[in-house]
Amino acid sequence: MRIGLLTGGGDCPGLNGVIRAVVTEGVTRYGDEFVGFLDGWRGPLELDSVPLGLDDVAEILPLGGTILGTSRTNAGTPERVARIQANLAASGIEALIPIGGEDTLGAATALAQAGTRCVGVPKTIDNDLSGTDLTFGFTTAVEIATEAVDRLRTTSRSHHRVLVVEVMGRHAGWIALHVALAASAAAALIPEAPFGLEQMAERVRDLVRARRDAVVVVAEGAVPRSDAIAGETGAAVDEFGHVKVGGIAGFVAQRLEALAGVETRTVVLGHVQRGGVPTAFDRILTSRLGLAAITALHAGQSGVMVALRGERIETVPLEAATGTLKTVPPELLRRYAALFAAATD
Ligand code: F6P
């Protein structure tokens, strides 16, 4: 079979592991031929691709990023779906394996509904895709951010300062919650639970006075309760309640410093969380997902994605990933609250 592969959306440690497993299994077990489309959906839209053989993928398992490049090009419109189908037919490509998040898999759904054979592989460091227990890249991001918070705790303690660390997660707080737990941070602020800061200010002041560290982990999409916004900062918020100026870490730090009277610093981890080598866990997960994707395609499946369900890799309809986001249940934050030294109001 002649198969096209592409990676779309934000990059993510582990993308190359999926590519390697698909190509290696496809070539050696099924005699497939692979084409790597460049930069997400831009590749099939503009017929920009490279051949992918065993030698091209032999060394890429530990490599971060994606050897195919990525973009957020949207291919879900009827006109673009038709153009991609025409391009695939012209180049003799019989099936696609798109690797990506909600948007990439949304376009894959539209293509599959229009008759293109598609098996998707879900990815995002945010871990907020439904239909799968976990997305690859998440454990790597949590590992990187946990190491950062471990380091920040010692400098927080030495300087008797509060440190506010912003991690990724615009719509879901999985990274923030797991990092705060793993690094024993003082608190986790997540988008699913609008926060107040008065109680937290008291607790971080007590921690600092007791010569303990006070690191607050905040997801980039966390939002303050409306009453917590009022006050001297007059922070601007957008229509979703996201603080605009200076980002959410800047807002939290400014308010905590004012309320607690304790020196406060911010660290925005940003794309550091998405870069570099995947953890061993993600290398194994991506290898399993890649093997399952090519197997599903040869079993005649289409319009599905491979997913981790419990200990098994299964296939689920593509729509399962793109319908609703998997957010942190608020009761989980409450369940872990005792482990954080500084609860929110
Ligand atoms: O892919 C997910 C993600 O890393 C989010 O956590 C973050 O909000 C977004 O991508 C950042 O996107 P970009 O790299 O385009 O700035």
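## A buried charge

In this predicted model, Asp-128 is buried but makes no salt bridge. Its nearest oppositely charged side chain belongs to Lys-326, and that one is 7.9 Å away. A salt bridge needs a side-chain nitrogen of Lys or Arg within 4 Å of a carboxyl oxygen, so Lys-326 doesn't make the cut at 7.9 Å.

Where does Asp-128 sit? Look in the loop that links β5 (117-122) and α6 (138-159). If you skip the neighbours within four places in sequence, Asp-128 touches His-171, Ala-172, Trp-174, Leu-325 and Lys-326.

## The parallel sheet

Now for the strands. Four of them, in the order β7-β8-β6-β9, make an open sheet with parallel pairing. On the edges you'll find β7 (187-189) and β9 (264-268), each with a partner on one side only. Neighbouring strands in this sheet are turned by 20° against each other on average, direction ignored.

Helix α10 (residues 247-260) packs on this sheet and touches β6, β7, β8 and β9. The helix direction makes about 160° with that of β6.

## Spotlight on β8

How many residues of β8 are buried? The count is 6 of 6. Ala-214, Val-216 and Val-218 point one way, while Val-215, Val-217 and Ala-219 point the other way.

On one pairing, β8 (residues 214-219) runs parallel to β6 (residues 162-167), joined by 6 bridges; Val-162 has Ala-214 as its bridge partner. With β7, β8 shares 3 bridges, again in parallel, and Ala-188 is partnered with Val-217. To get from β7 to β8, the chain goes through helix α8 (residues 198-209), in a right-handed β-α-β crossover.

Terms used. Residues are numbered from 1 along each chain as its sequence is written. This is a predicted model: local features need pLDDT of at least 70, side-chain atom pairs count only at pLDDT 80 or more; totals for chains, interfaces and linings use all residues. Side-chain values use heavy atoms; hydrogens and water are left out. Two strands pair if DSSP finds at least two bridges between them. Helices (H or I, at least four residues) and strands (E, at least two) are DSSP runs, numbered from the N terminus. Axes are lines fitted to C-alpha atoms, for helices over the stretch in contact, and angles run from 0 to 180 degrees between N-to-C directions. Contact means heavy atoms within 4.5 Å. Buried means under 20% relative accessible area, exposed over 50%, partly exposed in between (1.4 Å probe, protein chains only). Lys and Arg count as positive and Asp and Glu as negative; His and the chain ends are not counted. A crossover is right-handed if, with the strands pointing away from the viewer, the path from the first strand over the helix to the second runs clockwise.
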